[in-house]
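Let's take a walk through this structure together. Have the sequence and the 3D view side by side as we go.

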Amino acid sequence: MKNLKIAAALLGAVLLVGGFLVAMSGTPVFAQEEPAVIGELALVKYVCPTDIGETGSSIPSVCANANDPNGADVPVIPVGGALSFLYQVTYTCPHSVICEPLDPISVTISDNQLPSVNPSVFGPLNDVNSNGLIDPGDVWLYKVRGLQAIDLAAPGLTLPGGGPVSGCTNAGDGGGTRPTYVNRARVTGPSTSDEDPAAYCNPLATPTPTPTSSPTATATPTPTSTPTQVIVTPISTPTPAPTPTPVPIPEPVTVVLFGAGLAALSAALAARKRSSK
């Protein structure tokens, strides 16, 4: 009986001390800390045929999701053209559960085609309470910029993540199937991850025409001047007038008229004079 009283006294003392400690700390002696709840991360990767700059809070309209390497939204970027990638990270939390906010730098993104590049924060697409943290419902952007499109048709090209693959069948330039760049990115948080691809291709190379030897042009001979045709009109030689045949003048005949002959001659001469008047 005496021993029971001693045990009861000791238990009371322990409980008294425990109550005193609880009162001092404000924490139940047997309470355990609740584990932090981490929500889900979702990734959408965009490929941009431009240099998007260092920071921003929106996705440029030229950027495309381009999940399907044969989709109509695959950008066609010339070799050496500006190229950037945007990684959109959305944080969600199960219904009726309070999730811990994430520090943007605690979210990492890896890209199988860019193994030595670490995408960095671009800016919040949606930061509800503007606290600089990724809260449930927030959307943040990460980036890789300052890249140049590679020659995907280069002989023997092998990309770090594999490929290029056959794609761009329905690209907007109508060039048809050709080598296509496809890379897959993965976002990883403290206890969540997600993956998404993106693709682009180059324009079809315009074949360089093989120069054909042009036939040597035959020089057109310079026309020689056509000799002027001189039409010689023959000059008609006047027909010489016929030389009159000289009428021999008869030697004068001395006629001695006597009597009736003389009278007849006189009459003839008188008649001639009259007719000439």
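What percentage of the 277 residues in the chain do buried residues make up? The answer is 24%. Keep in mind that you are looking at a predicted model. On the outside, the chain exposes about 18900 Å², and 62% of that area is supplied by carbon and sulfur atoms.

Now for the overall layout. You will find two helices and eight strands, and along the sequence they run in the order α-β-β-β-β-β-β-β-β-α. As for the contacts with a separation of 6 or more, 70% of them involve residues 24 or more positions apart.

A good place to begin with the strands is E7 (residues 178-188) and E8 (residues 193-201), which pair in the antiparallel sense over nine bridges. Four residues form the hairpin that joins E7 to E8. If you look at Thr180, you will see Cys201 of E8 standing opposite.

Next, step into the interior. The largest nonpolar core has 33 residues, and Phe85, Tyr87, Val89, Val107, Tyr142 and Tyr200 have the most contacts inside it. At least two residues of this core come from each of E1 (40-48), E2 (82-92), E5 (139-148), E7 and E8. E2 gives the largest share, five residues.

Val107 makes a nice stopping point in this core. Beyond its neighbours within four places in sequence, Val107 is in contact with Leu41, Val89, Leu102, Ile134, Tyr142, Val187 and Thr188. Apart from this core lies another, of seven residues, including Tyr46, Cys63, Phe122 and Leu141.

Key:
Residues numbered from 1 in each chain as written. Predicted model: local features only at pLDDT ≥ 70, side-chain atom pairs only at ≥ 80, totals over all residues. Heavy atoms only, no water. Buried < 20%, exposed > 50% of the residue type's maximum accessible area, 1.4 Å probe, protein only. Contact = heavy atoms within 4.5 Å. Areas by Shrake-Rupley, 256 points an atom, 1.4 Å probe, with all protein chains shown as cover. Pairing = 2+ DSSP bridges. Core = buried A, V, L, I, M, F, W, Y, C linked by side-chain atoms within 4.5 Å.
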